[in-house]
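This report covers three topics in turn: internal cavities, a buried helix and a strand with its neighbours. The structure is shown below.

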Amino acid sequence: MKVDGRPVTATTTVLAACRAAGADVPALCGDERVSRGGHCRACIVEVNGRMVAACTTPARDGQQVVTDTPRIRAYRRDLGELMLAESTTGALADTLRGWGCDGARYPRDPARAEPRHDTSHPYLRLDLGACIKCRVCVKGCEEIQGQFVYAFEGRGRSTMLTWGEGAFATTACVGCGACVSLCPTGAITDVDRQRATPTAHVVRTTCSYCGVGCSLEVHVAADRVQRIDGNATSPVNHGHLCVKGRYAHGFARHPDRLTTPLIRRDGVLEPATWDEAIALVATTFTRLRGHVAALSSSRCTNEENYLVQKWMRAGLGTNNVDCCARVCHGPTAAGMRHVFGTGAATNSLADIERADLLLVAGSNSTAAHPVIGARIKQAALRGATLIVIDPRRTELAELADVHLQLRIGTNVVLLNSLARAMIDAGAIDQAFIDRRTEGFVAYTEFLRGFAPEDTAATTSVPAELVRRAAALYGTAKRPLQTHGLGMTEHYQGSEGVMLLCNLAMLAGALGRDGVGVNPLRGQNNVQGAADMGCQPDLVTGYGVRTDAAVQERFARVWGVPLPDDRGMTIPRMYEAALSGEVKAMYILGEDVIQTDPSVHTEAALDALELLVVQELFLSETAKRAHVVLPGASFLEKDGTFTNGERRIQRVRKAIESPGQARPDWQILCELMAATGIPQQFAHPREIMDEIAQVAPQFAGVTYDRLDHDGLQWPVPTLEHPGTQILHTERFTVGKATFACVDYAPSPVLDHSAGFPLRLTTGRVLDHYNCGTMTRRTSNVELTPADVIELHPDDARSAGLADGDRVRVVSPFGEATAIAQLSEGTARGQAFLSFHFPETGTNRLISPILDRLADCPEYKLTPVRIERMR
């Protein structure tokens with residue numbers, strides 16, 4: 001075909017052909033993220049002499065396209081005049097003037113003279129007077145996020161954008177901002193755009209909230225973030241963001257930021273110089289060598305996490321280093337490593353769109369991983385089968401073809417019954433089983449005791465639902481699993497993950513597109529913190545530290561041997577602090593007082609001779625420290641994060657740190673030098689170069705190669721393109737063995753007398769973990785407090801009403817929250833978030849740990865709820 005006489009090739013639309021030819025064709029409602037509707041008509045061109053909308057006209061061989069003629073200009077000018085008559089056109093005014101429009105041709109619609117604004121939402125701003133009815137907001141809300149907030153009502157000239165009755169803040173809007181990013185006129189905009197000054201530059205970086213790892217474009221002026229957009233070309237998020245990634249960036253300039261080191265003197269934290277703080281830490285840690293421990297941060301970069309474990313091992317001679325993977329997806333790593341040999345996601349996020357069935361287990365994805373949750377919703381709306389395993393009726397459960405609403409704590413029973421039902425129905429891939437697995441005969445025999453009819457009394461899931469889900473999963477061509485902390489944070493968390501692996505092996509759903517076992521990692525770099533060796537038993541790249549080849553490699557690069565002590569996990573560090581074995585502790589960017597079970601945590605930290613906390617804010621943990629070091633947020637430093645699909649992505653500095661706060665890698669280098677192990681790193685890229693030397697999985701990783709969309713490990717050579725799918729030919733262990741896991745009820749249930757409800761805990765959409773960052777943004781207006789969800793029948797039994805202030809009591813402690821009645825929570829169960837320190841959620845949690853990974857059992861606690869008088 002030809003565009004303005006220039007030969008071009010296009011496979012989609014005439015508009016794409018015009019773009020390829022470099023023709024200037026406006027497309028006000030056009031965006032690659034949504035389907036073409038041709039509503040704005042601005043992209044009118046002539047094709048073979050006929051005027052058509054370029055965005056909806058398919059490209060065909062032999063077409064002659066003309067983009068600029070007197071007829072087209074006249075049409076476009078008339079179109080602009082109609083827009084001026086019907087709207088204020090907002091940000092589009094300059095464009096319309098360029099079309100020759102002055103608003104004189106048609107009389108202004110008097111019905112649109114009255115301003116129609118809505119400012120009820122903390123972030124979004126609506127000016128319906130500027131709406132040109134292009135409908136791109138409707139498409140964005142439906143096709144990107146799947147919320148269906150917007151619609152149009154009326155006919156002809158009286159057509160109006162609507163969201164139903166009441167203020168916009170009362171709608172189902174989740175604040176993702178997709179509509180804002182699409183609207184061509186500013187009829188839908190946000191507070192960031194309204195108050196922004198002209199952008200000086202745009203920095204591409206990676207979000208520091210959940211483990212999705214969305215790619216961001218940070219607009220900066222005068223050393224302040226003006227706004228954040230999603231990177232449209234990113235394979236991770238395709239330009240989409242959630243309310244946290246797009247809007248919750250104000251914490252970086254919040255007045256609560258730490259701007260100077262603090263040292264406790266006479267019981268009071270007082271400002272100190274960097275030299276004083278570094279010297280105190282170095283002197284004490286050197287004196288207490290052999291009695292120190294460190295907790296690294298999943299909010300910090302790979303390079304910083306690498307330095308933490310190097311400092312402990314090479315500098316202080318101990319394997320007492322761990323990270324928050326221990327208390328979230330440690331069981332995932334342990335379970336998957338036991339079965340497959342590798343404890344990370346088998347597939348990529350792109351496989352969500354390739355799958356014909358999605359099994360979501362123990363994950364409220366639309367709240368905890370919103371961009372992935374939106375992709376799962378879109379897949380289901382396009383026709384993919386959706387199975388949800390969750391004790392709550394979550395947003396995805398509402399959409400599911402089958403919702404297996406199990407009793408909290410019975411994951412192992414349910415997963416065994418699903419496997420038994422798959423085998424009973426013949427819904428298995430016997431060829432895959434024979435070729436790539438071991439132990440199938442013994443596994444089949446083991447499952448005889450788990451017929452769905454026999455397990456229903458334990459799980460509360462009817463047998464017919466189990467058998468239906470098993471048949472759907474087993475017969476799907478491309479069944480993909482995702483799972484969250486509802487699977488892992490249990491007494492049998494690691495074993496439950498093994499059973500998810502069993503299901504995938506039965507279905508042959510490994511080693512190819514559109515399938516796999518894919519954990520949804522909780523924090524932005526929890527995958528990377530584990531990758532870097534921030535765990536006592538494994539070093540960088542998951543090397544077993546007792547292996548001779550691993551020891552030789554690290555000794556060669558570091559110049560010192562690896563220590564030979566066993567090392568401690570986080571819960572064991574607390575026990576050792578109470579016994580006096582651990583006397584000093586360094587905590588990087590984790591508020592363990594709020595996030596870890598409080599049964600021993602507070603007493604353990606108080607027992608330390610020296611507690612060093614490196615943080616952005618004076619967190620609950622920092623308040624107990626002897627030394628507080630002010631670190632940098634992700635916006636203020638360079639490095640890399642690794643998301644849940646094993647994708648290593650660049651983090652780039654956008655603004656300066658406040659006051660004397662420093663990038664965490666620089667602070668660590670100073671601490672290392674002061675304790676006798678000086679580092680020569682001038683930039684984080686040099687740290688990554690060393691990581692590539694000690695870990696074969698990262699041997700081909702360089703900053704230059706990460707510059708665009710990153711790389712998915714393993715990347716064994718500089719020529720290797722990265723690995724989208726693991727286990728394509730064989731598992732790391734060779735053949736994978738089916739795990740026979742019997743049900744062992746959690747010992748916490750021995751404490752159930754007088755505590756009739758089973759409590760589970762988790763995140764909500766508007767906040768992130770302990771809320772240190774999101775509570776210092778306008779997200780707190782969206783969700784101002786923690787609530788405890790319970791079934792109306794349970795509320796009536798306890799004499800409670802919706803909105804009551806309640807005391808939640810467990811055998812281990814108490815918390816306070818606001819009661820929220822919900823039929824989405826099953827009878828006999830309850831849900832409580834943990835974002836506000838005053839709630840004290842983790843004071844309720846027992847000291848019981850996962851049997852293999854030492855992960856606390858956050859997801860099952862017996863409680864009773866009392867109304868506060």
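## Largest cavity

In this predicted model, the largest cavity has a volume of about 610 Å³. The structure holds 13 cavities of 30 Å³ or more. The lining of the largest cavity comprises 37 residues, and those closest to its centre are L485, E489, T761, G762 and K859.

Three elements each supply at least two residues of this lining: helix α12 (365-368), helix α20 (485-488) and strand β33 (757-762). The most comes from β33, which gives three residues. By residue class, the lining of the largest cavity divides into 17 polar, 13 nonpolar and seven charged residues.

## Helix α10

Helix α10 spans residues 330-340, and nine of its 11 residues are buried, so the helix is largely enclosed by the rest of the structure. Buried here means under 20% relative accessible area. The buried positions begin with the run G330, P331, T332, A333, A334, G335 and M336, and they also include V339 and F340.

Several elements take part in covering the buried residues of α10. Among them are the strands β22 (479-483), β23 (516-519) and β32 (736-737), together with the helices α20 and α21 (493-507). Helix α20 thus appears in two settings: it is part of the cover over α10, and it contributes at least two residues to the lining of the largest cavity. After α10 comes G341, which has a positive phi, near 95°.

## Strand β16 and its partners

In a regular strand the side chains alternate between the two faces of the sheet. For strand β16 (residues 292-295), V292 and A294 lie on one side, while A293 and L295 lie on the other. All four of these residues are buried, and both faces of β16 are therefore covered.

Strand β16 pairs with two strands. With β26 (residues 584-588), the pairing is parallel and extends over four bridges; here A293 stands opposite M585. With β17 (residues 321-322), the pairing is also parallel, through two bridges, and V321 of β17 is the bridge partner of A294. The connection between β16 and β17 passes through helix α9 (residues 302-315), giving a β-α-β crossover that is right-handed.

Methods. Residues are numbered from 1 along each chain as its sequence is written. This is a predicted model: local features need pLDDT of at least 70, side-chain atom pairs count only at pLDDT 80 or more; totals for chains, interfaces and linings use all residues. Side-chain values use heavy atoms; hydrogens and water are left out. Buried means under 20% relative accessible area, exposed over 50%, partly exposed in between (1.4 Å probe, protein chains only). Two strands pair if DSSP finds at least two bridges between them. A crossover is right-handed if, with the strands pointing away from the viewer, the path from the first strand over the helix to the second runs clockwise. On a 1 Å grid over the protein atoms alone, a cavity is a set of points where a 1.4 Å probe fits but cannot get out, and a pocket is an open set with protein on both sides within 12 Å along at least five of seven lines; lining residues have an atom within 4 Å of a point. Grid points are joined across faces, edges and corners, and a volume is the space filled by probe spheres set on the points. Ala, Val, Leu, Ile, Met, Phe, Trp, Tyr, Cys and Pro count as nonpolar, Asp, Glu, Lys and Arg as charged, and the others, Gly among them, as polar. Contact means heavy atoms within 4.5 Å.
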